[in-house]
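Visitor: I like to see how a structural label follows from its numbers. Could you walk me through a few labels?

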Amino acid sequence: MTNNNFKKGNPLALLPLGVFLLLFIGTGVITKDFYKMPVIVAFTISAAVALFMNRQDSMEKKVEIFCKGAGETNVILMNIILILAGAFGQVAKEIGGVESTVNLGLSFLPQNLLIVGVFFIACLISLSMGTSMGTIVALAPIAVGISDSTGIPVALALGAVVGGGMFGDNLSMISDSTIAAVRTQGCKMADKFKMNFFIVLLPAIITMTLLWVLTPSEQTQISGAHPYEIVKVLPYIGVLIAALSGMNVMLVLAGGVIFSGAIGIVYGDFGIYGLFQAMATGMRNLEDLAVTIIIIGGTVELIKYNGGIDYLLNLITSKMKTKKGAELGIAALVSLVNVSTANNTISILMAGPLAKDISKKYDIDPRRTASLLDIFACCCQGIIPYGAQLLVAAGVASITPIEIMKYLYYPLLTGVFGILSIYLGFPKLKKSKNSAEENIA
C-alpha cells in the first residue's frame, strides 16, 4: 500500500458519523440533558443514513455489507465478553460480593486513596489481561459500589477504571492492539513496550496524583463499622488473580460466574435456578449495549465501503513534509481512523500498512511507528463517547458516557505526552535489527 496507489476516498461517506455526533452530543448540549437522546437510537439513525447513501448499489448489497461489519469477529467477541460480564456482575452482586468488596476497601484504605487504588489495580489487570474491556467489566461494579458508599462521584470512579484499562491495552504484551502494531511494522514486541513505557509512565503518575488530590475534596464522611465476608470477596480476587496471570478474558469471566455461583449456592443466597435467573438478569442488563455495538460495527463497515476511511488516510498523508511532520501525521492518521471505527485494533490494522510506507519514506524507526500507532489509537478509544469502553462503564452505572469524559485524565494525558514525545524526540532507543517478534500469538 503506497501513497501513489491509495484510493482518494469520499468525505461524504463520513456523514453517518457526523449525524450520530450531532444527534447524541448536539442534543445533550442543547437540552443540557444527555439522557434525551439514547445512544442506541442515535446510532440506529446514523446506520439508516449509511444504508441510504451510495445509490449505485442496491439496498440488498448494502444490507449485506452492513451485516458483514455487524458480524465481524471483534464485534461478536466483544458481545460474548459482555454477556459473560453481565452474568458475572449480577451473580457476584446477588451473593453480596460488591458490598463486601467495598467494605473491605473502606476498612483498610484511607478514603482519599480508594480511587487511586482502583486506578492502580485497573492498570495491573489490563497489563496482564491485555484488554481494557475485560478490566472495565470486572472493576466497574466495584467502582460504583465505592461511589455509593463514599459519595465520590460515580463518573470519577469509572473514569479511573477506564483510564487504568487503557493503560494495559496500550502496553500489554498480549493486547490485540500491541500485536497489531508490531506485526504491521515488523519490530520486536519488547522494543515497542520500552518505547511506549517511557511515554505513558508519567501520565499514569500524574493521573494517580490528580485522583488523590480530587478525592479528599469530597465532604462525605464515613463512620461506623464496615462489615464484610471475605468469602464473598473471593470471586473478585479470583478474577483479579486469573487476569494477572494472563488468562483469556472469556475464561476469566466464565470462571468468575462458576465460582461466585458456587459460593451463592453453598451459603444459601440462591438455589441452582436462582443462579440461572441471576445470570439471565445480568445478561439482559447489557442487551442494549450489545445491540449498539452490533449497529456500530455495521455502520463502520458501510463508511469504509463508501470511501470514508480512504479519504481520511489521504487527507493526512497529503500534509506530510518533514520527519517530525510524518510522525504527527501517523498519530493523526490512526486517531482519525479510530474515531471513525471506534475500535483501536481495527484502526491500527487499517492505518498500519500506510504508516509503514510513511516510515520508510521519512526514515522513522519501526519501533517508533508501532509505538505511535498504539498510543494514539488507545488514547482516542479511551475518550470517544461511543467507544465500547465508555459505553460499558456508563452502562454499569446507568449514566451517560459524556459524564465520565471529564474524568478521563490518563487517556488525555497520554495523548499530550505522545505529542510532546514527537516534538522533543524522546525516548531514544539504541539501534537494533528490526525483525518481527516470533510466536507472538
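**From value to label**

Guide: Happily! Phe-197 has a relative accessible area of 29%, and partly exposed is the class between under 20% and over 50%, so Phe-197 counts as partly exposed. Please keep in mind that this is a predicted model.

Visitor: Why is Phe-193 called partly exposed?

Guide: The reasoning is alike: the relative accessibility of Phe-193 is 24%, and buried would need under 20%, so Phe-193 counts as partly exposed.

Visitor: What makes the pair of Phe-193 and Phe-197 stacked?

Guide: The structure holds nine aromatic pairs. In the pair of Phe-193 and Phe-197, the ring centres are 5.9 Å apart and the planes stand at 15 degrees. Rings pair if their centres lie within 6.5 Å, and planes under 30 degrees apart count as stacked, so this pair is stacked.

Visitor: Where do Phe-193 and Phe-197 sit relative to each other along the helix?

Guide: Both belong to helix α10, four residues apart, which puts about one helical turn between Phe-193 and Phe-197. An α-helix has 3.6 residues a turn, so residues three or four places apart point the same way.

Visitor: Why is the pair of Phe-197 and Phe-198 edge-to-face?

Guide: For Phe-197 and Phe-198 the centres are 6.0 Å apart and the planes make 75 degrees. Over 60 degrees counts as edge-to-face, so the label follows. Elsewhere, Phe-20, Phe-43 and Tyr-386 form one aromatic cluster.

Visitor: What makes α4 oblique to α13?

Guide: Helix α4 (residues 73-94) and helix α13 (residues 272-285) pack at about 130 degrees, with axes 7 Å apart. Roughly perpendicular covers 65 to 115 degrees and roughly antiparallel begins over 145, so the angle makes α4 oblique to α13. The crossing of α4 and α13 is right-handed.

Visitor: Which residues of α4 and α13 meet there?

Guide: From α4 come Ile-83, Gly-86, Ala-87, Gln-90, Val-91 and Glu-94, and from α13 come Leu-275, Ala-278, Met-279, Thr-281, Gly-282, Met-283 and Asn-285. By class, this contact of α4 with α13 has seven nonpolar, five polar and one charged residues.

Visitor: How do you know that helix α9 is mostly covered?

Guide: Helix α9 (residues 176-185) has 10 residues, and eight of them are buried. Among the buried ones are Ile-179, Ala-180, Ala-181 and Val-182. The buried residues of α9 pack against α8, α10, α17 and α18. After α9 comes Gly-186, with a positive phi near 70 degrees.

Visitor: What makes Ala-160 buried?

Guide: Ala-160, in helix α8, has a relative accessible area of 2%. Buried means under 20%, so Ala-160 is buried. Leaving aside neighbours within four places in sequence, Ala-160 is in contact with Ile-115, Val-118, Phe-119, Ala-122 and Leu-211. Ala-160 and Leu-211 are 51 residues apart along the chain, with 7.9 Å between their C-alpha atoms.

Visitor: Is Thr-292 buried or exposed?

Guide: Thr-292, in helix α14 (residues 287-305), has a relative accessible area of 4%. The limit for buried is under 20%, so Thr-292 is buried. Not counting residues up to four places away in sequence, Thr-292 touches Val-39, Ile-40 and Leu-391.

Visitor: How many helices and strands does the protein have?

Guide: The protein has 21 helices and zero strands. Of its 441 residues, 57% count as buried.

Key: Residues numbered from 1 in each chain as written. Predicted model: local features only at pLDDT ≥ 70, side-chain atom pairs only at ≥ 80, totals over all residues. Heavy atoms only, no water. Axes fitted to C-alpha atoms, helices over the stretch in contact; angles between N-to-C directions. Helix = DSSP H or I, 4+ residues; strand = E, 2+ residues; numbered from the N terminus. Parallel < 35°, antiparallel > 145°, perpendicular 65-115°, else oblique. Left-handed = near helix turned anticlockwise from the far one by under 90°. Contact = heavy atoms within 4.5 Å. Nonpolar A, V, L, I, M, F, W, Y, C, P; charged D, E, K, R; others polar. Buried < 20%, exposed > 50% of the residue type's maximum accessible area, 1.4 Å probe, protein only.
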